[in-house]
Amino acid sequence: MAIMPYPDDREDEPVQLTLSEFIQEGVGYYNRLGRSDNDDLTFLKFILAGRRGLDLDKQRTITLNVTQAEPDILRATTTRDYDSLIGTTRTLPYLVPLTVWPIPSFRDTLKMSNHVTSVAYDRNGNAIHVPMHSIPNLTLGKVTNRSAIRVFFPRMYPVLESKKIPTPDLESIYNRCLCPAIRGLMPNQATHWPPNYRTAMETSQDRTGRLHLGSLDIPAHVLHDFCRSYLNSLENLGDRFKDAYFGHELRGWKAATVHNLDWDADEPVELGAAHEHVVALEDLTRVLDMEEINQEQWLIDVGLEFRVPGMVVTWRTLGHEALAHFLLPDLDDPGRALLRSKKYYVDHQMHFKDLAGFRWSPGAHSDIFHYIQAYTTEKAISYQLHNGIFSHRKPSELLSKKLSTKLISDLEQQSEVIHTCTGDAEVEADDRRPHEGCARLEVRVCLANVHHTLACFPRNLLNQTVVQIPARYWWYFKWLRLAAIHNVLTNLHNAPSKDRSSDSSLALGAMMIWILNGAHRTPVHHLLALAK
């Protein structure tokens, strides 16, 4: 069946609005909600479809130029920081005690990509490099609150389909590797450890069967001998356990390592700022015995953040190529390499074509950068690792009265949060300014290259790559979209069953979920074409 174009999609002269003009007109329509069906429909068509008016012969198409009339950034507060530190070793190179979980939690197993490759072995015994999260692993322990020391089993890679280590193997690892090492090195403290894996499981469960995992410490001065005993015992368990190694991940250090970047100078930073670089890095690595690690084999994330008071600073879609030229100046055509790469992902914001961050794994295009990403920190408001009100939604939720009721309730809570961010909510606070957002550029490099990475940022590049949006308008646009979606979904929810199950109702509901998810996150990759 041929798809008929929407009547005014063929309009040659659409009405172009700035973001502020769109917000002012949209709020006016919002204030008339509930007066009549026509007022409601006027609001919905304007906010969700970009149509002004109801008469198909007279209504106009609205195009929203979100970057129009926004002035250049004359000065931004720019900071630099270190985030994640990732490495692999056959040692435990720490200057502090290692906290160990006798029963490793599968929740802490590396299951999602961390954009790092590591060594595994194929069925013929050949060493290959594969995504680190695809190698079977378990969490041994931690050295700081936001760290994970895992054990990777590269010989299991071609054998196990799941990354989860089977329970019989976990039992062998505890009974024949971990526990004997503790008994041999710390006989007094070994009395605090469960005598075997089964006992550890039974004593960790409550009456409902829920696990409450405890932890025990291994002092720093024992780690060298513990590591040798543990790995040797693994080798004796069988071929699948051979060549195991430790994966180290220290995450979430942005705020703890933040330091100034004097981007007024287009040259590398001066001595004072360079000193801040060193001190900040020492804060991150103070738990490590730096003489025991090969800095060429460890990766670190270096970030820059750009802030303008009262603004959400975000990335221009057309600025991605300029960033590629800045980061990879020795490449013949960095912009072309970026755009043609299969590992270049554009992260549209609220379905704006002009505003988008990106993620890119340069691969063979760079010997320096392993991963590059640009995003906006305003996403922290709706970013949830747990199943919360901002979780990704599915159209199928609209087929159930119970699930759609919960969805509408979550939408109301989302709207409260977003309205608070506008600065206009009636809340108890001394300062009710709109919530700002920074543009963040983050790159992953070898630890050995850290001090030369993002050490400066040319002033003339700033306005080529980012744009400042008044924070109040940013959040009001999102809030108006949520209000319109809530109106549509409420009407669908209250409609008779036969009307809800019609093709047009199902399509309308799916479109609302699409717009809702896009308000908080980039569309999933196989649906990106819908954003173009």
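**Exercise 1. The three-stranded sheet**

Task: In this predicted model, work out the strand order of the open sheet of 3 strands, and find which strands form its edges.

Solution. Start with the order, which reads E1-E3-E2, with mixed pairing. Next, look for strands that pair on one side only: these are strand E1 (15–17) and strand E2 (51–52), the edge strands. Now follow E2 to its partner. Strand E3 (residues 60–64) is joined to E2 by 2 bridges, and the two run antiparallel. To place one residue in this picture, find Arg51, which stands opposite Thr61 in E3.

**Exercise 2. Two cavities and their linings**

Task: Describe the largest cavity and the second largest cavity by volume, by the elements that line them and by residue class.

Solution. Begin with the count: the structure holds 3 cavities of 30 Å³ or more.

Step one is the largest cavity, with a volume of about 80 Å³. Its lining includes Trp101, Pro102, Leu138, Thr139, Ile173, Tyr197 and Tyr230. Two elements give two or more residues to this lining, namely strand E8 (137–142) and helix H3 (167–185). Helix H3 gives the most, with 4 residues. Sorted by class, the lining of the largest cavity comes to 11 nonpolar residues, 1 polar residue and no charged ones.

Step two is the second largest cavity, whose volume is about 70 Å³. Among the residues that line this cavity are Leu398, Lys401, Ser404, Leu489, His493 and Arg500. Here the elements that give two or more residues are helix H10 (401–422) and helix H12 (471–494). H10 gives the most to this lining, with 4 residues. The class count for the second largest cavity is 5 nonpolar, 2 polar and 2 charged.

Step three puts the two class counts side by side: the lining of the largest cavity has no charged residues, whereas that of the second largest cavity has 2.

**Exercise 3. Classifying ring pairs**

Task: Decide whether the Phe22–Phe46 pair is stacked or edge-to-face, find the class of the Phe352–Phe477 pair, and place each residue in the chain.

Solution. First, recall what is needed: a pair of aromatic rings is described by the distance of the centres and the angle of the planes. The count for this model comes to 16 aromatic pairs.

Take Phe22 and Phe46. Their ring centres are 4.6 Å apart and their planes stand at 15 degrees. Planes under 30 degrees apart count as stacked, so this pair is stacked. Phe22 belongs to helix H1 (residues 19–30) and Phe46 to helix H2 (residues 37–49), so the pair ties together parts that are 24 residues apart in sequence. Check the surroundings as well: Phe22 counts as buried at 4% relative accessibility, and Phe46 counts as buried at 1%.

Now take Phe352 and Phe477. The centres of these rings lie 4.8 Å apart with planes at 35 degrees, so the pair is tilted. This pair links distant parts of the chain, with Phe352 in strand E16 (residues 352–360) and Phe477 in helix H12, 125 residues apart. Phe352 is buried at 7% relative accessibility, and Phe477 is buried with a relative accessible area of 3%.

Finally, join the pieces. Ring pairs link Phe22, Tyr29, Phe46, Phe352 and Phe477 into a cluster.

**Exercise 4. Positive phi outside glycine**

Task: For Asp243 and Met350, find the phi value, the loop and the exposure class.

Solution. Asp243 has a positive phi, near 60 degrees, in a residue other than glycine. Its loop lies between helix H6 (223–235) and strand E11 (245–250). Because its relative accessibility is 27%, Asp243 counts as partly exposed.

Met350 is not a glycine either, and its phi is positive at about 50 degrees. Met350 sits in the loop between strand E15 (344–349) and E16. With 5% relative accessibility, Met350 counts as buried.

**Exercise 5. Placing Asp499**

Task: Locate Asp499 in its helix, give its exposure class and find its side-chain partner.

Solution. Asp499 is part of helix H13 (residues 497–500). A relative accessibility of 33% makes Asp499 partly exposed. Its side chain makes a polar contact with the side chain of Lys498, at 3.5 Å. For a wider view, turn to Gly209: Asp499 and Gly209 are 290 residues apart in sequence and 45 Å apart in space, C-alpha to C-alpha.

Terms used
Residues numbered from 1 in each chain as written. Heavy atoms only, no water. Buried < 20%, exposed > 50% of the residue type's maximum accessible area, 1.4 Å probe, protein only. Polar contact = N/O pair within 3.5 Å; in protein donor to acceptor, adjacent residues only side chain to side chain. Pairing = 2+ DSSP bridges. 1 Å grid on protein atoms, 1.4 Å probe; cavity = no way out; pocket = protein on both sides within 12 Å on 5 of 7 lines; lining within 4 Å. Points joined across faces, edges and corners; volume = space filled by probe spheres on them. Nonpolar A, V, L, I, M, F, W, Y, C, P; charged D, E, K, R; others polar. Phe/Tyr/Trp six-rings, centres within 6.5 Å; stacked < 30°, edge-to-face > 60°.
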